[in-house]
Structure formats: C-alpha cells, structure tokens
Amino acid sequence: MCTARCTFYVINPPFMTCAPQGALLFLCNNNPMLFVIDIGNTNTNIGVFEGENLLINWNVASDLKRTADEYGILLLNLLNSPVLKKHPKAAIISTVVPPLGETFKTALKKYLDIEARLISHKSKLPFKITIKTPSELGADRIANAAAAVKLYKLPAIVIDFGTATTFDIVDENKNFVGGIITPGLKIQANSLSSFTSKLPKVKIEAPKTAIGKDTISAMLSGIVRGHACMIDGMIKLCEEELGKKASIIATGGFSSVLFPNMERPFDYINKDLTLEGLRYLYELNKG
C-alpha cells in the first residue's frame with residue numbers, strides 16, 4: 001500500500017488510458033519535503049528541499065527575544081509561498097546559538113508537528129573529526145564540511161563569510177583536520193566606526209583601488225582588500241601544510257565582493273553550501 005502523499009485525478013475523455021471513464025488515477029510523489037535551518041549569530045537561513053532540489057529559501061534575523069510561538073507563526077507564513085505545493089514533514093537544524101536551536105525545535109513541533117534534528121559532532125558524519133576538541137566544532141561548519149565531501153574534490157578548503165570568516169579544511173582522506181576563525185567584514189567595519197571618533201560607518205563593497213583617495217575608500221581598501229590578502233595568504237599556508245592544492249569553496253554573502261580582489265580566485269562559489277550540507281546530513285542521520 002502506498003503511504004506517500006498522492007494526487008488524485010478523475011479520468012474522463014480525452015484522457016488516454018485503458019481505465020474506464022470516471023475512474024480514479026493517483027500519482028504518488030515520493031520526494032520528501034525537508035526544512036533545513038541554519039541559525040547564525042546574526043541571521044538564520046531557512047530552506048525547503050524536495051528531494052535534492054532547493055525550492056526556496058529565506059533569510060530572517062536571529063533574535064533571542066523571539067518566542068517559539070513567534071517563530072512558529074513565521075514558519076507557517078513562509079510556507080504560504082506559491083512555490084510550495086505541500087508542507088515539509090521533516091527538519092534539520094544547525095545552530096551556533098543553542099537557545100535559538102531549541103526555540104526553533106519547539107516551534108516546529110508545536111506548529112507543524114515536526115520532530116527536528118539538531119546537528120552536532122555526535123551526529124553521523126561523512127568525515128572524521130581529528131581536531132583536539134570535537135565538541136567545539138560549530139554545527140554550521142560541520143554542514144559546510146559535509147557539503148564539501150559530498151560535492152567537491154578533496155582536499156577542500158571551505159571559506160564561509162558570515163559574522164566571522166571561517167575556514168574549514170578536509171583532507172584527501174576525509175579527515176576534518178582543522179580550521180581558521182577571523183573577524184568578518186562587518187565586524188571589522190563596525191569596529192572601525194565604534195572605536196574611533198571620526199571614522200564613519202561604511203557599506204561593504206569592493207574598492208576600485210588599493211590606495212584610498214578619501215576616508216571611505218581607504219577604509220574599504222583596508223577592510224575588503226586587506227581581507228582578500230589575508231585569505232590568499234592563509235590558503236597558501238594551508239595548502240603547504242596539506243602538501244597539495246585544494247578545492248577552494250566560498251560561501252556566505254560577501255563571497256562576490258571579495259572575489260575580484262583575490263590573487264587566487266575561488267574555485268567555486270556556492271551560496272547555498274550550508275543548506276546543501278544540512279540536507280546531506282539529514283539523509284545520513286534519518287531513520
């Protein structure tokens with residue numbers, strides 16, 4: 001007996017079938033609908049997959065003041081999108097803000113009757129964690145590494161441009177060997193304006209030249225080009241320690257801003273990398 005959700009049609013001419021007129025035809029859709037939720041310090045990225053296809057995603061604020069009811073109502077409203085023909089029946093969450101992870105888990109259960117999975121270093125993973133303290137590895141970084149193992153040639157270096165800029169390194173033997181954590185572009189920009197009396201707030205964008213001709217362009221050169229030079233240098237050092245060239249994968253909102261300023265361009269820019277990794281981790285851990 002088929003237990004998947006089915007679409008029923010009443011068969012009438014000129015529908016070509018050997019079934020009698022007025023009979024019911026049903027087509028079962030076995031592709032599961034899955035919520036993937038990546039909770040960051042500043043923003044939460046929410047996506048819905050049907051099978052391996054990301055149908056839609058949204059970016060909302062990560063707000064500890066919001067209750068499970070507020071996030072539940074938000075999720076219900078998001079699901080009214082015309083892109084979605086049915087609602088997800090499963091969910092997986094990565095979070096660097098543990099209380100918000102529990103808030104979303106409660107919201108999903110109360111409003112959608114979904115038992116969400118929270119990813120951690122204890123989950124079934126497609127790589128071995130070889131760092132000294134696996135419990136310190138963030139769930140978002142676990143998802144990024146999982147996506148790298150699934151989608152790209154190893155060794156791989158994933159660079160995620162979020163509140164912090166993080167590097168996650170997986171060697172050719174599928175070992176998560178470590179990473180790098182640096183202040184992100186927004187942190188740098190906010191620090192300059194917050195801790196000085198005359199430097200203004202700036203919009204992060206690629207500067208035209210290395211030598212700034214005014215305060216804004218000088219700040220942008222230091223923030224963006226300086227960040228690009230740091231990334232180039234760290235990639236070189238990481239590859240020296242790995243003993244070979246790696247696939248360089250960029251994700252996060254500022255990937256495209258940094259790309260023109262890189263001495264060595266990224267091999268891949270995948271803005272949905274973390275969500276792809278969460279979908280893969282769900283497949284590994286379901287059942």
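A residue is called buried when its relative accessible area is under 20%, exposed when that area is over 50%, and partly exposed in between. With these terms in hand, the predicted model can be described by way of its salt bridges, its strands, its nonpolar core and one of its helices.

## Salt bridges

Under the rule applied here, the count of salt bridges comes to 10. One of them joins Lys 109 to Asp 113, whose closest N and O atoms are 3.0 Å apart. Lys 109 has a relative accessible area of 37% and therefore falls in the partly exposed class, whereas Asp 113, at 56%, counts as exposed.

Another salt bridge is formed by Arg 264 with Glu 239, and here the closest N and O atoms lie 2.4 Å apart. This pair links distant parts of the chain, since Arg 264 sits in the loop between helix 6 (255–258) and strand 13 while Glu 239 belongs to helix 5 (residues 215–242), with 25 residues separating the two. Glu 239 is buried, with a relative accessible area of 9%, and Arg 264 is partly exposed at 22%. Arg 264 also takes part in a salt bridge with Asp 267, for which the closest N and O atoms are 3.6 Å apart; Asp 267 is itself partly exposed, at 39% relative accessibility. Taken together, Glu 239, Lys 245, Arg 264 and Asp 267 are linked in a network of salt bridges.

The three pairs described above are set out below.

| Lys or Arg | Asp or Glu | Closest N and O atoms |
|---|---|---|
| Lys 109 | Asp 113 | 3.0 Å |
| Arg 264 | Glu 239 | 2.4 Å |
| Arg 264 | Asp 267 | 3.6 Å |

## Cysteines

A search for disulfides across the whole structure finds zero. As for individual cysteines, Cys 229 is exposed, with a relative accessible area of 55%, whereas Cys 238 is buried, with a value of 13%.

## Strands and their pairing

As general background, the strands of a sheet pair through backbone hydrogen bonds, and they may do so in parallel or antiparallel fashion.

Strand 4 (residues 43–50) pairs with strand 3 and with strand 5. Strand 3 (residues 33–39) runs antiparallel to strand 4 and is joined to it by seven bridges, with Phe 35 standing opposite Val 48 of strand 4. The connection from strand 3 to strand 4 is a hairpin that passes through three residues. Strand 5 (residues 53–61) is likewise antiparallel to strand 4, and eight bridges join these two strands; Thr 44 stands opposite Val 60 in strand 5. Strand 4 and strand 5 also form a hairpin, this one with two residues between the strands, and Gly 51 in the turn has a positive phi of about 65°. Six of the eight residues of strand 4 are buried, so this strand is largely enclosed by the rest of the structure.

Further along the chain, six strands form an open sheet of mixed pairing, arranged in the order 8-11-10-9-12-13. Strand 8 (128–129) and strand 13 (268–269) stand at the edges of this sheet and have a single partner strand each, so one side of each is left without a neighbour in the sheet. Within the sheet, strand 9 (residues 156–161) and strand 10 (residues 164–170) run antiparallel and are joined by six bridges, and the bridge partner of Val 158 is Asp 168 in strand 10.

## The largest nonpolar core

In soluble globular proteins, nonpolar side chains tend to be buried together. The largest nonpolar core of this model holds 31 residues, among which Phe 127 and Leu 281 touch the most other members. The elements that give two or more residues to this core are strand 3, strand 6 (90–95), helix 3 (139–151), strand 9 and helix 7 (273–285), and helix 3 provides the largest share, with eight residues. When residues up to four places away in sequence are left out, Phe 127 touches Ile 142, Ala 145, Ala 146, Val 149, Lys 174 and Phe 176.

## Helix 4

In helix 4 (residues 185–194), the buried residues are Leu 185, Ala 189 and Ser 193. Seen down the axis of helix 4, these buried residues fall within an arc of 60°, so they line one face of the helix. Their covering includes strand 11 (175–183), helix 5 and helix 6.

Methods
Residues numbered from 1 in each chain as written. Predicted model: local features only at pLDDT ≥ 70, side-chain atom pairs only at ≥ 80, totals over all residues. Heavy atoms only, no water. Buried < 20%, exposed > 50% of the residue type's maximum accessible area, 1.4 Å probe, protein only. Helix = DSSP H or I, 4+ residues; strand = E, 2+ residues; numbered from the N terminus. Pairing = 2+ DSSP bridges. Disulfide = S-S within 2.5 Å. Salt bridge = Lys/Arg side-chain N within 4 Å of Asp/Glu carboxyl O. Core = buried A, V, L, I, M, F, W, Y, C linked by side-chain atoms within 4.5 Å. Contact = heavy atoms within 4.5 Å. Arc of directions from axis to C-beta.
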